[in-house]
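Reader: Hi! I have a structure open and would love to talk through its salt bridges and its pocket. Shall we take a look together?

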Amino acid sequence: MLDSKWGLRFVSLILAVFFFISVNNVFGNMFNTDELSNDSAHTISNVPTEVQYNNKSYYVSGVPKKVDVVVTGPQSQILQAEKTQDFKVVADLTEVKPGKKRVEFQVKGLSKDINAKVKPKAANVSIEKRVSKTMKVEPDVSSNHINPNYQISHQEVNPKSVKVTGGEHQIDKIAYLKANFKESPNVSDNTTDIGEVSAFDRNLNKLDVIIEPKDVKLSVEVEPYSKKIKLEPELTGKPKDNKEIKDVDLDEEEVEVFGDRNKLQSLESIKAEVDVSDIGKDDTKKVKLKLPDGVKKATPEEVFAKVKVK
């Protein structure tokens with residue numbers, strides 16, 4: 001290649017580029033480790049907390065399960081800490097006696113070159129005598145888990161009782177143990193799935209206790225969604241021979257309608273359209289119902305109207 005004119009030009013170009021890079025230090029900053037040694041700040045989110053206490057005799061509530069940690073220091077060490085997360089956030093209650101306390105979090109396991117601040121900085125906790133109790137679970141499937149065209153006809157949970165452990169005061173506050181689907185299925189058929197048990201007080205505030213087993217088998221049977229609503233006559237046409245309608249009496253005061261739960265919930269009545277254009281005397285007519293949007297069917301589908309004229 002060197003014997004050719006173009007070969008010499010190519011070699012000259014390579015040498016020129018090499019000398020340009022050397023003189024101007026083009027890649028100097030790219031591989032400069034000084035940037036990674038500069039101090040920077042970063043937030044490591046959702047770091048699990050660890051509570052240290054005598055868990056055989058006492059129960060601690062009020063400690064958040066996860067916190068955020070703001071770390072400041074050399075960027076290389078911060079990146080390593082974030083990647084490995086080989087540090088822990090501790091609430092040390094080993095020397096604390098029962099009662100309500102405020103405990104500050106400690107970060108352990110970080111390099112001495114890294115400064116760490118926990119958000120929140122502290123937690124208000126309750127330390128109580130540890131108590132365990134077997135309690136009954138009630139199935140409580142949310143309507144949000146049911147297809148809008150269906151409603152629950154029957155539900156049950158297995159096992160029917162679970163072991164609950166917590167502070168003595170917390171256990172006494174339990175009014176309900178409710179099992180709801182752990183996932184969010186759109187149930188439109190009889191279904192058995194995993195349910196999660198939670199404890200609530202009388203005001204339906206969730207309580208911080210340990211439930212064993214936490215997951216249970218939850219079964220639900222469904223049927224088409226329906227509700228009973230008022231039936232109202234709606235007259236159309238004019239009677240014969242200049243007669244006037246004195247009264248219209250339907251043989252049903254209400255009907256059961258089926259359809260989308262979200263649309264039917266606001267529905268208060270449905271119309272029975274009575275055509276009186278061919279009526280010249282008291283008569284009884286079979287009437288079809290006027291189904292609004294969202295109503296798939298009604299039971300009964302037809303009613304009778306007694307029409308009186310004057």
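Reader: Let's start with one side chain: is Glu 104 buried, partly exposed or exposed?

Author: Happy to help! Keep in mind that this is a predicted model. Glu 104 counts as partly exposed, because its relative accessibility is 47% and the partly exposed class runs from 20% to 50%.

Reader: Cool. Which residue does Glu 104 form a salt bridge with?

Author: With Lys 121, where the closest N and O atoms are 3.9 Å apart. The pair links distant parts of the chain, 17 residues apart: Glu 104 sits in strand S5, while Lys 121 is in the loop between strand S7 and strand S8.

Reader: And what about Lys 121, buried or exposed?

Author: Lys 121 is exposed, at a relative accessible area of 57%.

Reader: How many salt bridges are there in total?

Author: The count comes to 11. One of them is between Glu 50 and Lys 88, with 3.7 Å between the closest N and O atoms. Glu 50 belongs to strand S1 and Lys 88 to strand S4, so this pair ties together parts that lie 38 residues apart in sequence.

Reader: How accessible is Glu 50? And Lys 88?

Author: Glu 50 is partly exposed at 31% relative accessible area, and Lys 88 is partly exposed too, at 35%.

Reader: Which residue does Lys 290 meet in a salt bridge?

Author: That would be Glu 234, at 3.4 Å from N to O. Lys 290 is in strand S20 and Glu 234 in strand S16, so the bridge ties together parts 56 residues apart in sequence. Lys 290 has a relative accessible area of 42% and is partly exposed; Glu 234 is also partly exposed, at 25%. Elsewhere, Glu 138, Asp 140 and Lys 178 are joined into one network by salt bridges that share partners.

Reader: Nice. Switching to pockets: how much space lies in the largest one?

Author: About 370 Å³. Strands S1, S2, S13 and S14 each give two or more residues to its lining.

Reader: Which residues lie nearest the centre of the largest pocket?

Author: Tyr 59, Lys 65, Asp 208, Val 209 and Ile 210, out of 17 lining residues.

Reader: What is the make-up of that lining by class?

Author: The lining has 11 nonpolar, 2 polar and 4 charged residues.

Reader: Last one: which domains does the lining draw on?

Author: At least three residues come from each of domain 1 (35-129) and domain 2 (137-224).

Terms used: Residues numbered from 1 in each chain as written. Predicted model: local features only at pLDDT ≥ 70, side-chain atom pairs only at ≥ 80, totals over all residues. Heavy atoms only, no water. 1 Å grid on protein atoms, 1.4 Å probe; cavity = no way out; pocket = protein on both sides within 12 Å on 5 of 7 lines; lining within 4 Å. Points joined across faces, edges and corners; volume = space filled by probe spheres on them. Helix = DSSP H or I, 4+ residues; strand = E, 2+ residues; numbered from the N terminus. Nonpolar A, V, L, I, M, F, W, Y, C, P; charged D, E, K, R; others polar. Domains from an automatic or database assignment. Salt bridge = Lys/Arg side-chain N within 4 Å of Asp/Glu carboxyl O. Buried < 20%, exposed > 50% of the residue type's maximum accessible area, 1.4 Å probe, protein only.
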